[in-house]
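Reader: Hi! Could you take me through one part of this model up close, the largest cavity and what sits in it?

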Amino acid sequence: MKINVDWDKCTGMGMCESLAPDVFEVDDDGSLILHAEEVPDGQEDEVREAVAACPTEALSLES
Ligand code: SF4
């Protein structure tokens, strides 16, 4: 399952990082770093929670 980021919508709030830190990281500048393009095995629940929690709806999943 692929992780899509709408970079225009991401404001670097970091909710995704707090829920799925292996996949999402917000650097000191508030820029999102995506550590995986595909949802890693065993992390689907965390990533789904992160996608749902993003306040700007910048994240989506594509199967
Ligand atoms: S929670 Fe949403 S807005 Fe915040 S860093 Fe993650 S993708 Fe960007």
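Author: Here is a walk through that cavity, its lining and the ligand.

First, this is a predicted model, where local features need pLDDT of at least 70 and side-chain atom pairs count only at pLDDT 80 or more, while totals for chains, interfaces and linings use all residues. Residues are numbered from 1 along each chain as its sequence is written, and side-chain values use heavy atoms, with hydrogens and water left out.

Rolling a probe the size of a water molecule over the atoms shows where empty space is left. A cavity here is a set of points, on a 1 Å grid over the protein atoms alone, where a 1.4 Å probe fits but cannot get out. Points are joined across faces, edges and corners, and the volume is the space filled by probe spheres set on them. That gives one cavity of 30 Å³ or more, and the largest holds about 90 Å³ of space. Its lining (residues with an atom within 4 Å of a point) has 14 residues, with Cys10, Met13, Gly14, Cys16 and Cys54 closest to the centre.

Now for the ligand: the space it takes is that largest cavity (more than half of its atoms lie within 2 Å of the grid points). Around the ligand are 13 residues, and the closest are Cys10, Met13, Gly14, Cys16 and Cys54; being near means having a heavy atom within 4 Å.

What about those cysteines? Cysteine 10 is partly exposed because its relative accessibility is 25%, whereas cysteine 16, at 9%, is buried (buried is under 20% relative accessible area, exposed over 50%, partly exposed in between, with a 1.4 Å probe and protein chains only).

Technical notes
On a 1 Å grid over the protein atoms alone, a cavity is a set of points where a 1.4 Å probe fits but cannot get out, and a pocket is an open set with protein on both sides within 12 Å along at least five of seven lines; lining residues have an atom within 4 Å of a point.
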